[in-house]
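The questions below go through one protein model, and each answer works towards the value or name that was asked for.

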Amino acid sequence: MNEQEFEAVFWMLRPRLLRYAVAQLDPATSEDMVAETLLAIYRKDLAYPRDPGEVRGLYALAFAILAGLIANEYRARRRRTALTEKLVSRLEFPATVPSHEERLTGQWEVVDLLRLIPQADRSVLLLFNAGFTTDEVADILGCSPAAAAKRRTRAKARLQSMLQGRQVARDA
């Protein structure tokens, strides 16, 4: 299929695919899913449909691809929800709000420092602190276990550097 033929197929398929996706997903995700579907069809380098039977086959292929992508999206959402629930169940909240003096010592100083480090570092440290394994943190962050471990090491180093800086300032 050349570019002109694909453009004709694009405009033939897109409205129906989009209606199908929007009925199941939010509009932005639907647009993404339809774009991925059309890209998959383009990459297959199919022949341009010449008769109604070939057009029906192309619709069937497009809707099969889209249905698979939507199913993957639902599975991903279920996994994210399960991981979020697991994370929330592991969080510990203090029974009382600490006084100003208590906040300046121990773990509350670390909490204050955590607020100062970049969100990516804070997320890594909090996930490991919540008891997640390296593999689980990697799944949550969408990276390899090696990358998750390296992120943890770098985040701890940044936090340690900040702690030492505060100690130096306090001693001066």
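Helices are DSSP runs of H or I with at least four residues, numbered from the N terminus. The model discussed here is predicted.

Q: Which residue just after helix 6 takes a positive phi, and of about what value?
A: The stretch in question comes just after helix 6, an element that covers residues 119–129. The residue there with a positive phi is Gly131, and its phi is about 100°.

Q: Which residues in helix 6 are buried?
A: Burial requires under 20% relative accessible area. In helix 6, the residues that count as buried are Asp121, Arg122, Val124, Leu125, Leu127 and Phe128.

Q: How many helices and how many strands does the secondary structure of the protein come to?
A: Read from the N terminus on, the elements run α-α-α-α-α-α-α-α. The secondary structure therefore comes to zero strands and, under the DSSP-based assignment, eight helices.

Q: What percentage of contacts between residues at least 6 apart in sequence join residues at least 24 apart?
A: The protein has 172 residues, of which 27% count as buried. Among the contacts in the protein between residues at least 6 apart in sequence, the share that joins residues at least 24 apart is 63%.

Q: Are helix 1 and helix 3 parallel or oblique to each other?
A: The axes of helix 1 (residues 3–22) and helix 3 (residues 52–90) come within 11 Å and cross at roughly 40°. Angles under 35 degrees would count as roughly parallel. Helix 1 and helix 3 are therefore oblique.

Q: How many charged residues does the contact of helix 1 with helix 3 have?
A: Helix 1 passes helix 3 in a right-handed crossing. The contact is made by Val9, Met12, Leu13, Arg16, Leu17, Tyr20 and Ala21 of helix 1, together with residues of helix 3 that include Val55, Leu58, Tyr59 and Phe63. By class, this contact has 14 nonpolar residues, no polar ones and, as for charged residues, one.

Q: At what angle do the axes of helix 2 and helix 3 cross?
A: The crossing of helix 2 and helix 3 is right-handed. Their axes come within 9 Å. Helix 2 is oblique to helix 3 because the axes cross at roughly 135°.

Q: How many polar residues does the contact of helix 2 with helix 3 have?
A: Residues of helix 2, among them Thr29, Met33, Glu36 and Thr37, meet residues of helix 3, including Ile65, Leu69, Glu73 and Arg77. By class, the contact has 10 nonpolar and three charged residues, while its polar residues number two.

Q: Is Thr29 buried or exposed?
A: Thr29 lies in helix 2 (residues 27–43). Not counting residues up to four places away in sequence, Thr29 touches Glu73 and Arg77. Because its relative accessibility is 14%, Thr29 counts as buried.

Q: Which helix supplies the largest share of the largest nonpolar core?
A: Of the 18 residues in this core, Leu13, Leu17, Val34, Leu38, Ile41 and Leu66 touch the most other members. Helix 1, helix 2 and helix 3 each supply at least two residues of the core. The largest share, seven residues, comes from helix 3.

Q: Which residues is Leu66 in contact with, leaving aside its neighbours within four places in sequence?
A: Leu66 is one of the residues that touch the most other members of the largest nonpolar core. With its neighbours within four places in sequence left aside, Leu66 is in contact with Leu17, Tyr20, Ala21, Met33, Val34 and Thr37.

Key: Residues are numbered from 1 along each chain as its sequence is written. This is a predicted model: local features need pLDDT of at least 70, side-chain atom pairs count only at pLDDT 80 or more; totals for chains, interfaces and linings use all residues. Side-chain values use heavy atoms; hydrogens and water are left out. Axes are lines fitted to C-alpha atoms, for helices over the stretch in contact, and angles run from 0 to 180 degrees between N-to-C directions. Angles under 35 degrees count as roughly parallel, over 145 as roughly antiparallel, 65 to 115 as roughly perpendicular and the rest as oblique. A crossing is left-handed if the near helix is turned anticlockwise from the far one by less than a right angle, and right-handed if clockwise. Contact means heavy atoms within 4.5 Å. Ala, Val, Leu, Ile, Met, Phe, Trp, Tyr, Cys and Pro count as nonpolar, Asp, Glu, Lys and Arg as charged, and the others, Gly among them, as polar. Buried means under 20% relative accessible area, exposed over 50%, partly exposed in between (1.4 Å probe, protein chains only). A nonpolar core is a set of buried Ala, Val, Leu, Ile, Met, Phe, Trp, Tyr and Cys residues joined through side-chain atoms within 4.5 Å.
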